[in-house]
Amino acid sequence: MPLLEVRQLRKGYRLEGRPPLEILHGIDFSLGAGECRPVCGPSGAGKSTLLHILGGLEEPDGGEIFWKGEKISGQTRSQWAQWRRRAVGFIFQSYHLLPELTVEENVRLPAMLAGVSVGERWEDLIDQVGMTLRRDHLPGELSGGEQQRVAVARALVLDPDLVLADEPTGNLDAASATAVLDLLVPMVKERQKSLLLVTHDTSVAMKVGVPLRLLDGRLAN
Ligand SMILES: Nc1ncnc2c1ncn2[C@@H]1O[C@H](COP(=O)(O)OP(=O)(O)OP(=O)(O)O)[C@@H](O)[C@H]1O
Ligand SMILES: [Mg+2]
């Protein structure tokens, strides 16, 4: 049974006075436990929209989403939020760390919000992303690559089965991008977690796995 299965997922935007924009026309795909795939496709194709829907940040117009065989689309917002917190780690292009919290506080935040004790895991993660010496620093005192490494630790702190990353290296120079990917991808694979990572960069895609291509609102395997 796949970890995540999507059937006929549709999404569009209706803006007043303009023709409706149909973005996702019926996406079908499934992702196995431990499977890592890059999501590729032209700008405006709907890659971020797809990830936002899968991560519960946006609602689809139609279609079904199954998690470990159980239908999760159509649940209430609070059930969905609860699922997301437990199941999904999200990494954004622009890091999205809270500027007033330290590295340590940012990494521990998902556990605090979920009311879950993660033991020493947050400390191990900060160590694994090489940020132990900076754990009392604020995001504004860190480089982009360092901030993204903190975001990687934060995304993994609740040990989610699925990591969603939307162009996580899009704001970084080549060396920092490589450093972040060389951390993120093995960390996800070693834990046998699943990853969907949006990227424009074929060399990045090759490090992740076999690409999923989003084109004309549909996903081609
Ligand atoms: N809130 C919104 N209201 C209206 N249109 C939107 C909204 N969000 C996204 N869109 C439109 O949906 C389409 C898909 O956007 P999306 O951000 O998913 O593309 P993308 O594939 O991630 O592109 P990029 O590679 O540039 O990040 C775009 O045409 C965009 O303008
Ligand atoms: Mg995008």
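**A mixed sheet and its aromatic neighbours**

In this predicted model, six strands come together as an open sheet with mixed pairing, in the order 6-7-8-3-9-10. Strands here are DSSP runs of E with at least two residues, helices are runs of H or I with at least four, and both are numbered from the N terminus; two strands count as paired if DSSP finds at least two bridges between them. Strand 6 (88–91) and strand 10 are the edge strands, each pairing on one side only. From one strand to the next, the twist averages 20 degrees.

A word on conventions is helpful at this point. Residues are numbered from 1 along each chain as its sequence is written, while chains are lettered from A and ligands numbered from 1 in the order in which they are written. Because the model is predicted, local features need pLDDT of at least 70 and side-chain atom pairs count only at pLDDT 80 or more, whereas totals for chains, interfaces and linings use all residues; side-chain values use heavy atoms, with hydrogens and water left out.

The predictor's confidence in each residue is given as pLDDT, from 0 to 100. For the protein chain the mean pLDDT is 94, and 100% of the residues reach 70 or more. Among the elements, strand 8 (residues 194–198) has the highest mean, 98, and strand 10 (residues 218–220) the lowest, 86.

Strand 7 (residues 162–166) is a good place to look further into the sheet. With strand 8 it pairs in the parallel sense over five bridges; Leu 162 has Ser 194 as its bridge partner in strand 8, and Val 163 has Leu 195. Strand 6 and strand 7 are also parallel, joined over four bridges, and Ile 91 stands opposite Ala 165 of strand 7. Five of the five residues of strand 7 are buried (under 20% relative accessible area with a 1.4 Å probe, protein chains only; exposed is over 50% and partly exposed in between), so the strand is largely enclosed by the rest of the structure. Both of its faces are covered, with Leu 162, Leu 164 and Asp 166 buried on one side and Val 163 and Ala 165 on the other.

Strand 7, helix 6 (residues 174–190) and strand 8 make up a right-handed β-α-β unit: with the strands pointing away from the viewer, the path from the first strand over the helix to the second runs clockwise.

Turning to the aromatic residues, rings of Phe, Tyr and Trp (its six-membered ring) pair if their centres lie within 6.5 Å, with planes under 30 degrees apart counted as stacked, over 60 as edge-to-face and the rest as tilted. The count by this rule comes to three pairs. In one of them, Trp 67 and Trp 83 have ring centres 5.3 Å apart and planes at 75 degrees, so this pair is edge-to-face. Trp 67 belongs to strand 4 (residues 62–67) and Trp 83 to helix 2 (residues 77–87), so the pair ties together parts that are 16 residues apart in sequence. Trp 67 is buried at 8% relative accessibility, as is Trp 83 at 4%. Phe 90 and Phe 92 form a stacked pair, 4.6 Å centre to centre with 20 degrees between the planes. Phe 90 counts as buried at 12% relative accessibility, and Phe 92 at 17%. Finally, Trp 67, Trp 80 and Trp 83 join in one aromatic cluster.

How values were computed:
Axes are lines fitted to C-alpha atoms, for helices over the stretch in contact, and angles run from 0 to 180 degrees between N-to-C directions.
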